[in-house]
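Let's take a look around the ligand and the open spaces of this protein. Here is the structure to keep in view as you read.

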Amino acid sequence: MSVPFFDIKLQNASIADDLKAAVNRVIDSGAFILGPEVEALENEIAAYSQCKYGIGISSGTDSLIVAMLALDIGPGDEVITTPFSFFATASTIARIGANPVFVDIEPDSYNLDPAKIEAAVTPRTKAIMPVHLYGQMAEMDAIMDIARQHDLFVIEDAAQAIGAEYKGRRAGSIGHFGSFSFYPSKNLGGIGDAGMLVTNDANLAARAKSLRNHGSNIRYYHQELGGNFRLDGIQAAVLRVKLKYLDEWTAARQRNAARYRQLCSVTGDSAGETFNLTLPLVLPDRRHIYNQFVVRSTNRDAFIVQLKSRAIGYEIYYPLPLHLQECFAGLGYKEDDFPVTESAAREVIALPIFPELSAAQIYTVATILSADCNGNPSERLTPSPDVSG
Ligand SMILES: *Cc1c(COP(=O)(O)O)cnc(C)c1O
């Protein structure tokens with residue numbers, strides 16, 4: 001049985017009638033750019049994220065740009081962030097003319113290591129941009145403490161973490177801005193590019209709203225330079241349909257993760273090789289939403305051979321850390337600058353976790369998870385008899 005890494009068609013097929021009705025509604029209304037569907041989605045995502053305001057934006061990348069523009073971050077400024085993330089986290093900082101300053105990650109959560117942030121703060125530091133990687137939130141209390149001490153803004157790159165929680169607080173609600181992406185492979189995915197900022201600050205919300213629409217509140221009168229970072233009505237209407245199912249889909253991802261943990265401890269390594277697998281660690285006080293289920297292996301190449309031989313999909317997020325990207329050579333970083341990140345980049349591998357996976361598919365993947373994998377035993381469930389699906 002083959003197991004695709006991800007299959008968006010299954011999810012969309014299950015709600016196809018609702019999706020088509022939503023798209024038709026927008027076509028009939030003629031409100032294609034911003035408009036009532038976008039406003040409704042803004043309110044719904046804000047509420048879902050425990051925030052007062054939502055600002056619909058054209059993508060998760062653009063929403064990071066708008067957040068920084070709204071905080072007056074620009075040339076000469078520094079923004080502290082992680083080198084272990086999707087490219088946009090750092091590229092947006094550079095794109096607005098500021099400098100990304102990287103700080104290494106924690107080995108088990110893969111998120112920004114708060115213990116290493118302070119040493120990177122300079123008089124030019126304006127903000128910290130933590131990423132809630134794979135769907136688990138960064139150590140936000142410690143990050144907010146450092147930000148308060150040094151008078152810095154915090155922009156949560158929550159692109160992978162909608163609905164994730166830290167001590168009961170939702171991703172995006174703790175920093176000055178939270179930024180979401182609705183790229184199709186995110187937990188809440190559109191049928192094209194889309195994103196959103198959330199905030200609890202009325203002034204920041206107003207500024208971001210203006211900036212996403214050419215710095216204009218009244219048509220043809222421009223207070224400042226913004227851009228076209230608008231969200232369109234069709235994406236908003238589709239996302240509103242999907243938002244109703246998000247908790248159900250997240251629960252399915254969490255169930256899939258629990259099954260992997262359970263099966264990992266009871267199945268053998270059929271190839272007789274040791275992959276030395278480590279399962280993802282869920283830290284205390286977190287709601288992990290499993291945008292990705294990422295294991296690590298000190299023998300990743302051999303593990304990949306096994307996956308390929310059984311037609312099991314996988315992805316590597318991310319093979320080359322941001323500080324070593326060619327386009328950032330000018331920042332002056334070099335190999336070994338961030339050893340925790342660099343070893344993660346050599347060892348991580350994401351396995352299929354999407355909600356529609358069948359029990360049999362999970363079992364297929366689990367049969368090649370080695371018996372010696374180092375899961376967090378407290379996370380393991382008692383094996384249940386129905387796992388062979
Ligand atoms: C997906 C993603 C983005 C960018 O979102 P787009 O909607 O693709 O522009 C930014 N940061 C992280 C961590 C992401 O995973």
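## Around the ligand

The shell around the ligand is made up of six nonpolar, seven polar and two charged residues. In this sorting, Ala, Val, Leu, Ile, Met, Phe, Trp, Tyr, Cys and Pro count as nonpolar, Asp, Glu, Lys and Arg as charged, and the others, Gly among them, as polar. There are 15 residues around the ligand, and G60, T61, D157, S181 and K186 come nearest; a residue is near a molecule if one of its heavy atoms lies within 4 Å of it.

Keep in mind that this is a predicted model, where local features need pLDDT of at least 70 and side-chain atom pairs count only at pLDDT 80 or more, while totals for chains, interfaces and linings use all residues. Residues are numbered from 1 along each chain as its sequence is written, and side-chain values use heavy atoms, with hydrogens and water left out.

## Polar contacts

Which atoms of the ligand do polar side-chain atoms of T61 and D157 lie close to? For T61 it's an oxygen atom, 2.5 Å away, and for D157 it's a nitrogen atom, at 2.8 Å. Q160 also has a polar side-chain atom 2.8 Å from an oxygen atom of the ligand. A polar contact here is a pair of N or O atoms within 3.5 Å.

On its own, the ligand has 380 Å² of accessible area, and the protein covers 93% of that (Shrake-Rupley method, 1.4 Å probe).

## The largest pocket

The ligand takes up the space of the largest pocket, meaning that more than half of its atoms lie within 2 Å of the pocket's grid points. A pocket is an open set of points on a 1 Å grid over the protein atoms alone, where a 1.4 Å probe fits, with protein on both sides within 12 Å along at least five of seven lines; lining residues have an atom within 4 Å of a point. Two elements, α4 (60–70) and α5 (88–95), give two or more residues to the shell around the ligand (helices are DSSP runs of H or I, at least four residues; strands are runs of E, at least two).

This pocket has a volume of about 400 Å³, counted as the space filled by probe spheres set on the points. Its lining has 22 residues, with F86, A159, S181, Y183 and K186 nearest the centre. The largest share of that lining, three residues, comes from α4.

## The second largest pocket

The second largest pocket holds about 260 Å³ of space. It is lined by 13 residues, and N213, S216, N217, I218 and R219 are the closest to its centre. Here α7 (202–211) and β10 (216–218) each give two or more residues to the lining.

Technical notes: Polar contact = N/O pair within 3.5 Å; in protein donor to acceptor, adjacent residues only side chain to side chain.
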